[in-house]
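Student: I have a chain open in front of me and would like to practise justifying the words we use for it. Could we go through it together?
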Amino acid sequence: MNGSINRGLLVFLGVGQEDSEDDALWLASKICGLRIFEDTEGKMNCDLSSFNGEILLISQFTLFGHMKKGFRPSFNRAASPVIAIPLYTFFHKQLEMLLGKTIPTGSFGEMMAIEAHNDGPVTLIIDTKQKDF
């Protein structure tokens with residue numbers, strides 16, 4: 001499914017070789033519960049559900065780009081499609097279940113033109129292997 005959203009989160013999901021369904025469950029819960037949207041007093045106290053927010057989910061294996069040596073990134077930490085596609089699908093279904101709505105996605109493994117209008121100061125990296133990041 002390709003799509004767009006109004007107000008909410010643009011989520012770039014990278015699936016690594018070590019990732020599991022437990023990681024996907026934790027991450028979906030964390031994302032849906034993030035209190036990063038302003039309340040009526042301008043404080044970041046609201047999660048997606050509090051204002052019927054949306055998520056656009058995009059697969060992004062390049063998040064695992066490793067630049068230890070040279071100038072060409074290595075993506076060998078990213079999961080192969082055999083592992084990544086089922087976990088991406090599982091994660092997508094978890095988001096839909098938690099929010100109670102359809103979550104539009106990009107096209108897995110395809111080139112995409114993504115247009116984003118950032119309405120606020122929040123950009124986060126959430127790593128299931130470094131939960132205290």
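Tutor: Gladly, and let's begin with a helix residue: leaving aside its neighbours within four places in sequence, Gln-94 is in contact with Leu-25 and Ala-28. Keep in mind that this is a predicted model.

Student: Where does Gln-94 sit, and why does Gln-94 count as buried?

Tutor: Gln-94 belongs to helix H2. Its relative accessibility is 13%, and buried means under 20%, so Gln-94 counts as buried.

Student: What makes Phe-90 buried?

Tutor: The reasoning runs along the same track. Phe-90 has 19% relative accessibility, which is under the 20% cut-off, so Phe-90 counts as buried. Phe-90 also lies in helix H2.

Student: Which residues does Phe-90 contact, leaving aside neighbours within four places in sequence?

Tutor: Those contacts are Glu-21, Ala-24 and Leu-25. As for distances, Phe-90 and Asp-23 are 67 residues apart in sequence, and their C-alpha atoms are 11 Å apart in space.

Student: Let's turn to the whole chain. What pattern does the chain follow along the sequence?

Tutor: The order is β-α-β-β-β-α, with two helices and four strands in the chain.

Student: How do you know that the radius of gyration agrees with a compact globule?

Tutor: For 133 residues, a compact globule would have a radius of gyration near 14 Å; the chain has 15 Å, which agrees. Along the principal axes, the C-alpha atoms fill a box of roughly 50 × 30 × 30 Å.

Student: What share of the residues counts as buried, and what share of the accessible surface belongs to carbon and sulfur atoms?

Tutor: Of the 133 residues, 30% count as buried. The accessible surface comes to about 9100 Å², and 52% of that belongs to carbon and sulfur atoms.

Student: How are contacts spread along the sequence?

Tutor: Take the contacts between residues at least 6 apart in sequence: 70% of them join residues at least 24 apart.

Student: And how many positive and negative side chains are there?

Tutor: The chain has 12 positive and 16 negative side chains, with the centres of the two sets 7 Å apart.

Student: Now the aromatic rings. How many aromatic pairs does the structure hold?

Tutor: It holds two aromatic pairs.

Student: Why is the pair of Phe-37 and Phe-51 called edge-to-face?

Tutor: The ring centres of Phe-37 and Phe-51 are 4.8 Å apart, within the 6.5 Å limit for a pair, and the planes stand at 65°, over the 60 degrees required, so the pair is edge-to-face.

Student: What parts does that pair tie together?

Tutor: Phe-37 lies in strand E2 (residues 37-38), while Phe-51 lies in the loop between strand E3 (44-46) and strand E4 (54-59), so the pair ties together parts that are 14 residues apart in sequence.

Student: Are Phe-37 and Phe-51 buried or partly exposed?

Tutor: Phe-37, at 10% relative accessibility, falls under 20% and therefore counts as buried. Phe-51, at 24%, falls between 20% and 50%, so Phe-51 counts as partly exposed.

Student: What makes the pair of Phe-61 and Phe-75 edge-to-face?

Tutor: Here the centres are 5.1 Å apart and the planes are at 75°; that angle is over 60 degrees, so the pair of Phe-61 and Phe-75 is edge-to-face. Both Phe-61 and Phe-75 lie in the loop between E4 and helix H2 (81-99), so the pair ties together parts that are 14 residues apart in sequence.

Student: Why are Phe-61 and Phe-75 called partly exposed?

Tutor: Partly exposed covers values between 20% and 50%. Phe-61 has a relative accessible area of 47% and Phe-75 has 30%, so each is partly exposed.

Student: What touches Gly-65, not counting residues up to four places away in sequence?

Tutor: Gly-65 touches Pro-73, Ser-74, Phe-75 and Arg-77. Gly-65 is placed in the loop between E4 and H2, and its relative accessible area of 26% makes it partly exposed.

Student: One last residue: why does Asn-52 count as exposed?

Tutor: Asn-52 has 56% relative accessibility, and exposed means over 50%, so Asn-52 counts as exposed. Asn-52 is found in the loop between E3 and E4, and its phi is near 60°, a positive value in a residue other than glycine.

Note on methods:
Residues numbered from 1 in each chain as written. Predicted model: local features only at pLDDT ≥ 70, side-chain atom pairs only at ≥ 80, totals over all residues. Heavy atoms only, no water. Rg over C-alpha atoms; globule rule 2.2 N^0.38 Å. Buried < 20%, exposed > 50% of the residue type's maximum accessible area, 1.4 Å probe, protein only. Contact = heavy atoms within 4.5 Å. Areas by Shrake-Rupley, 256 points an atom, 1.4 Å probe, with all protein chains shown as cover. Lys, Arg positive; Asp, Glu negative; His and termini not counted. Charge placed at Lys NZ, Arg CZ, Asp CG, Glu CD. Phe/Tyr/Trp six-rings, centres within 6.5 Å; stacked < 30°, edge-to-face > 60°.
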